[in-house]
Amino acid sequence: MVSFGLDTLCQKTPDYFRRLDEVKRACERNRIELIPAVFSVGYGGAALAHDRNLARACPWKTRCSS
C-alpha cells in the first residue's frame, strides 16, 4: 500500500501525473501491484492543504440571534 497524496489531486501539477504514469508503467513491467491509500485517516494534512484556517486550536464562537 502506498500513499500518493490522492486526497489532494486538485492541487497536483501536470508533471505529477506524468511521473505517476511512469511509476504505473514500471510496476506493470515488474509485475508489482500498488494499492493506493486514497486518504489519510486521522491526519488533517489534506484538509489543511485546502484551507489552513482549519488548523485553529480554538473553535469559533458564534452568537445566535433571538
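## Salt bridges along helix H1

Arg 25 and Asp 21 both sit in helix H1, four residues apart, which is about one turn of the helix. In this predicted model, the two side chains form a salt bridge, with the closest N and O atoms 2.4 Å apart. Both partners are partly exposed: Arg 25 has a relative accessible area of 39%, and Asp 21 has one of 35%.

The structure holds three salt bridges. Another of them joins the side chains of Asp 15 and Arg 18, at 3.2 Å from N to O. Asp 15 also meets Arg 19 in a salt bridge, here at 2.9 Å from N to O. Asp 15, Arg 18 and Arg 19 are thus linked in a network of salt bridges.

How far apart in helix H1 are Asp 15 and Arg 18? They are three residues apart, so about one helical turn separates them. Asp 15 and Arg 19 are four residues apart in helix H1, and the separation is again about one helical turn. Side chains of opposite charge can pair when their charged atoms come close. Asp 15 counts as partly exposed, at 37% relative accessibility. Arg 19 counts as partly exposed as well, at 44%.

## The helix and the chain around it

Helix H1 covers residues 14–29, which makes 16 residues. From its first C-alpha to its last, H1 reaches 23 Å, close to the 22 Å expected at 1.5 Å a residue.

The protein chain as a whole has two helices and two strands. Read from the N terminus, its elements run in the order β-α-β-α. What share of the 66 residues in the protein chain is buried? Buried residues make up 8% of them.

## Rings near the start of H1

The structure has one aromatic pair. Tyr 16 and Phe 17 form this pair, with 5.3 Å from centre to centre and 90° between the planes. The arrangement is edge-to-face, because planes over 60 degrees apart are counted that way.

Is Tyr 16 buried or exposed? Tyr 16 is buried, with a relative accessible area of 14%. Phe 17, its partner in the pair, counts as partly exposed at 38% relative accessibility. Tyr 16 has a charged residue beside its ring too: Lys 12 lies over the face of Tyr 16, at 5.0 Å from the ring centre.

## The loop between H1 and E2

Arg 31 follows helix H1 and lies in the loop between H1 and E2. Its phi is positive, about 55°, although Arg 31 is not a glycine. Arg 31 counts as exposed, at 80% relative accessibility.

Ile 32 is found in this loop too, ahead of strand E2, which spans residues 36–37. Ile 32 is partly exposed, with a relative accessible area of 47%. Which residues make a nonpolar surface patch together with Ile 32? Val 23 and Leu 34 do, and the patch has an area of about 220 Å². Val 23 belongs to the residue range of H1, while Ile 32 belongs to the loop.

Glu 33 is another residue of the loop between H1 and E2. Glu 33 counts as exposed, at 68% relative accessibility. How far apart in space are Glu 33 and Met 1? The distance is 8.8 Å from C-alpha to C-alpha, although the two residues are 32 residues apart in sequence.

Methods. Residues are numbered from 1 along each chain as its sequence is written. This is a predicted model: local features need pLDDT of at least 70, side-chain atom pairs count only at pLDDT 80 or more; totals for chains, interfaces and linings use all residues. Side-chain values use heavy atoms; hydrogens and water are left out. The expected span of a helix is 1.5 Å times one less than its number of residues. Rings of Phe, Tyr and Trp (its six-membered ring) pair if their centres lie within 6.5 Å; planes under 30 degrees apart count as stacked, over 60 as edge-to-face and the rest as tilted. Buried means under 20% relative accessible area, exposed over 50%, partly exposed in between (1.4 Å probe, protein chains only). A charge sits over a ring if NZ of Lys or CZ of Arg is within 6 Å of the ring centre and within 35 degrees of the ring normal. Patches are made of residues with over 30% relative accessible area and no salt bridge: like charges are joined within 9 Å, nonpolar side chains (Val, Leu, Ile, Met, Phe, Trp, Tyr) within 5 Å. Accessible areas come from the Shrake-Rupley method with a 1.4 Å probe; for residues, only the protein chains shown count as cover. A salt bridge is a side-chain nitrogen of Lys or Arg within 4 Å of a carboxyl oxygen of Asp or Glu.
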